[in-house]
Amino acid sequence: MINQKAGSVVFQNVRKTFGAFTAIADLSLTIEPGTLVTLLGPSGCGKTTTLRMLAGLEHPSAGKILIGGRDVTMLPANERDVSMVFQSYALFPHMNARDNVAYGLESSGLSRKEAREKAEEGMALVGLAGMGGRLPAELSGGQQQRVAVARALVLEPQVLLLDEPLSNLDARLRRKVRTDIRELQQRLGFTAVYVTHDQDEALAVSDRIIVMKDGEIAQSGTPRELYEAPASSFIADFMGEANVIPCEVIRIEGAEALIRVAGVDHRLPGRSAKPGMAKLAVRPGSITIAAPGQQGLAGRVLHSAYLGGHVEYEIETDVGTLFIIDHAVERNLPPTSDVTLGFENRGIALINA
Ligand SMILES: Nc1ncnc2c1ncn2[C@@H]1O[C@H](COP(=O)(O)OP(=O)(O)O)[C@@H](O)[C@H]1O
Ligand SMILES: [Mg+2]
């Protein structure tokens, strides 16, 4: 019987240098047991380094790491009670799937028979019952990926680590496999730390997302918080496209801010804004389009592209060229059309930087 545990993860002021290069300056974070938390950020921001320190494949230059409340900072990988699913899967090509899954169990002291039974159970868990006899080369990319997940799960780690687990799959499979991983994590209730550079993937699978930039946390929160209330233009842009528009905060009224964009006033959640110049991050789907000459922001269509379910526009305005996604495909405005733009109440956030 596979008995899933769920440990917490804590980083306390963790620092990691490689020679003179500081990859992580001072990282502190907490991951609650039983949650799936994603480390998201552009290539080179320190995601893999963070995961490898958690796995015990790298040691911090300073600071502490706790797993399930136990200080593991200096423990080797095999004493940490974590298992990792690698980007490349790292399956043994000459061993069949069952033996790949059983390998770690046998190394940890189970008899061959026990290890094989548990491996079969792990294969069933990831939907590969009956396929244990196949070699990795006889499995599809998605199936190999599941074998790698099964191999990690049968070790019953406190924390499962996944480093860009979908990057070797083609685009169509990625959506399915990410749903499978999330479903398995929720069903079994294990703690997972998931690394990706893909914001859609992060939004789709995570309880919480930690966005990293240059080895630091740029912002962390639920997918919704990050998407709807980005703290900076970096986050707004990284978590899906956003138009960043200069605005003036006129005054704060309770929880709301009265702001002015190109002479037109709007009320928004204040988010600790102060009167003065600021920026608005506006999602492409949160700009409304109306006939010209009305109250709002005047614009002129530069480009339009019909994409079946929606039309994409670039519209020139006094505050810059705005990128807009419009679901009213029937109007399909041609270039040079004059329009009036407005903002919806959602998908628009005040940011300070
Ligand atoms: N073993 C190493 N030696 C020197 N520099 C490294 C080493 N590992 C990673 N780095 C550097 O640390 C930074 C973070 O790398 P990494 O954690 O792999 O980023 P990510 O996974 O977010 O793409 C990069 O600038 C990378 O070049
Ligand atoms: Mg990486």
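In this predicted model, helices α2 and α3 meet through a broad cast of residues: A97, R98, D99, V101, A102, L105 and E106 on the α2 side face R112, A115, R116, K118, A119, E120 and M123 on the α3 side. Helix α3 spans residues 112-125, and its axis lies 8 Å from that of α2, at an angle of about 125°. That angle makes the pair oblique. If you look at the handedness of this crossing, you will find that it is right-handed.

Now stay with α2 and turn to another partner, α4. Here α2 covers residues 97-107 and α4 covers residues 141-153; their axes are 8 Å apart and the packing angle is about 30°. Angles under 35 degrees count as roughly parallel, so α2 and α4 fall into that class. Their crossing is right-handed. The residues that make this contact are A97, N100 and V101 from α2, together with V147, A150 and R151 from α4. A97 and V101 are worth finding on your screen, since they appear in the contact with α4 and also in the one with α3.

It helps to place these helices in the wider chain. An unreviewed UniProt entry annotates residues 9-239 with "domain: ABC transporter". Across that stretch, helix accounts for 36% of the chain and strand for 26%, while the C-alpha atoms at the two ends are 24 Å apart.

Next, follow the chain to strand β8, which runs over residues 191-196 and includes T191. T191 has a relative accessibility of 0%, and because buried means under 20%, T191 counts as buried. What surrounds it? Setting aside neighbours within four places in sequence, T191 contacts K5, A6 and G7, then I31, E32, P33, G34 and T35, and finally Q158, V159 and L160. With G7 there is a polar approach as well: a polar atom of the T191 side chain sits 2.7 Å from the backbone oxygen of G7.

Our last stop is H310, in the loop that links β16 (297-306) to β17 (311-317). Is H310 buried or exposed? Its relative accessible area is 19%, and the cut-off for buried is under 20%, so H310 is classed as buried. Beyond residues up to four places away in sequence, H310 touches A305, I325, D326, H327 and V329.

Terms used
Residues are numbered from 1 along each chain as its sequence is written. Chains are lettered from A and ligands numbered from 1 in the order in which they are written. This is a predicted model: local features need pLDDT of at least 70, side-chain atom pairs count only at pLDDT 80 or more; totals for chains, interfaces and linings use all residues. Side-chain values use heavy atoms; hydrogens and water are left out. Helices (H or I, at least four residues) and strands (E, at least two) are DSSP runs, numbered from the N terminus. Buried means under 20% relative accessible area, exposed over 50%, partly exposed in between (1.4 Å probe, protein chains only). A polar contact is a pair of N or O atoms within 3.5 Å; within protein, one must be able to donate a hydrogen and the other to accept it, and residues adjacent in sequence count only if both atoms are side-chain atoms. Contact means heavy atoms within 4.5 Å. UniProt positions are given in the numbering used here, feature names are shortened, and annotations may be inferred rather than shown by experiment. Axes are lines fitted to C-alpha atoms, for helices over the stretch in contact, and angles run from 0 to 180 degrees between N-to-C directions. Angles under 35 degrees count as roughly parallel, over 145 as roughly antiparallel, 65 to 115 as roughly perpendicular and the rest as oblique. A crossing is left-handed if the near helix is turned anticlockwise from the far one by less than a right angle, and right-handed if clockwise.
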